[in-house]
Amino acid sequence: VKGIMEGDALPHRLVQHAHKVITMMGHEDVGVRRTAQECLNAILIQTASNETFVEEAATDGNREVCICLVEVLRNLQPKALEKHSGALKLLLNNPEPDVRNHAAEIIGRAGPHAAGLCDALVEALGDSDARVRWSSVVALGKMREAAMRYVPMLKKLVEGSDVIIRRAASDSLKKILGRESMEPHSREGNSREAFSRDSFIRDSFSRENVSRSVSGDLRGQNSERLLLPSRKFRSSAAGPLSPAYSKGRTR
């Protein structure tokens with residue numbers, strides 16, 4: 001295991017080692033499973049150019065094997081992902097929602113290099129997991145002109161009942177039709193992602209505190225203080241707190 005993880009094993013023996021390591025990932029000892037997972041990750045990094053083995057790993061029934069694989073594929077350059085379209089398609093149909101979601105995100109990261117997977121992304125729009133549907137819509141937008149024939153379908157999604165999917169479909173339409181910057185990480189895109197994350201955090205914060213308040217864990221002034229949004233979540237447009245109020249809250 002040490003030799004494999006340090007890269008001392010011969011390349012043509014790595015696949016043979018990998019099958020043994022995958023078997024070890026089902027061991028009853030958690031330490032053995034953890035070491036096997038680290039070892040498989042090292043093998044996958046060294047054999048990422050082996051399309052056959054990567055595709056074989058994508059069909060493995062062990063969830064941890066697929067998780068290791070998507071982590072390795074996530075770190076590859078978009079151009080390098082082009083030859084792994086077969087494995088990505090298999091991962092997009094994996095029984096695990098997390099794996100399917102990661103696969104859709106990786107396909108989107110590959111962009112036009114994974115244009116052959118547009119049909120698979122369209123099929124994923126009917127996935128039972130909302131994250132997979134959202135990631136698939138976003139990935140279609142990153143295909144740019146290669147997804148032009150899916151514009152009518154995206155327009156229908158814009159008129160759908162799912163607010164989140166509507167917004168993602170609208171953004172994807174703008175990218176496909178060339179109405180946004182061609183930079184993959186534009187300031188607008190980063191701002192939108194940051195806004196989505198912040199909204200999720202604020203919603204989670206509110207739900208948690210309301211739940212605790214209803215359960216009776218909070219009382220009186222403490223309940224009132226915790227139900228107020230923390231300073232870092234306040235909108236800058238609201239302006240700073242008055243000195244008197246701030247001083248009172250500090251006490």
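Where is Arg144 found? Arg144 sits in the loop between α9 (130-141) and α10 (151-158), and a legend below returns to it. This is a predicted model, in which local features need pLDDT of at least 70 and side-chain atom pairs count only at pLDDT 80 or more, while totals for chains, interfaces and linings use all residues. Residues are numbered from 1 along each chain as its sequence is written, and side-chain values use heavy atoms, with hydrogens and water left out.

**View 1. The chain as a whole has 14 helices and zero strands.** Helices (H or I, at least four residues) and strands (E, at least two) are DSSP runs, numbered from the N terminus. Buried residues make up 34% of the 251 residues in the chain; buried means under 20% relative accessible area, exposed over 50%, and partly exposed in between, with a 1.4 Å probe and protein chains only. Among contacts with a separation of 6 or more, 58% join residues 24 or more positions apart, where contact means heavy atoms within 4.5 Å.

**View 2. Confidence varies along the chain, with α7 at the top and α13 at the bottom.** The average pLDDT (the predictor's confidence in each residue, from 0 to 100) is 75, and 66% of the residues score at least 70. Helix α7 has a mean of 95, whereas helix α13 (residues 220-227) has a mean of 40. Over residues 181-191 the pLDDT is below 50, and this stretch has seven contacts in the model beyond near neighbours in sequence. Residues 193-251 are also below 50, with 29 such contacts.

**View 3. Helix α6 (residues 85-92) packs against helix α7 (residues 97-110).** Their axes are 7 Å apart and meet at an angle of about 145°; axes are lines fitted to C-alpha atoms, for helices over the stretch in contact, and angles run from 0 to 180 degrees between N-to-C directions. From α6 come Leu88, Leu91 and Leu92, and from α7 come Val99, Arg100, Ala103, Ala104, Ile106 and Ile107. These contact residues divide into eight nonpolar, no polar and one charged. In that count, Ala, Val, Leu, Ile, Met, Phe, Trp, Tyr, Cys and Pro are nonpolar, Asp, Glu, Lys and Arg are charged, and the others, Gly among them, are polar.

**View 4. Asn94 lies in the loop between α6 and α7.** Asn94 counts as buried because its relative accessible area is 8%. Leaving out residues up to four places away in sequence, Asn94 touches Ala58, Cys66, Val99 and Arg100.

**View 5. Leu73 is among the best-connected residues of the largest nonpolar core.** A nonpolar core is a set of buried Ala, Val, Leu, Ile, Met, Phe, Trp, Tyr and Cys residues joined through side-chain atoms within 4.5 Å. This one has 57 residues, and Leu40, Leu73 and Leu91 have the most contacts inside it. Helix α5 (residues 63-74) gives the largest share, eight residues. Beyond its neighbours within four places in sequence, Leu73 is in contact with Val54, Leu81, His84, Leu88, Leu91 and Ile106.

**View 6. Val32 belongs to helix α3 (residues 30-46).** Val32 counts as partly exposed because its relative accessibility is 25%. Not counting residues up to four places away in sequence, Val32 touches Met24 and His27.

**View 7. Arg144 has a positive phi of about 55° although it is not a glycine.** Arg144 counts as buried because its relative accessibility is 9%.
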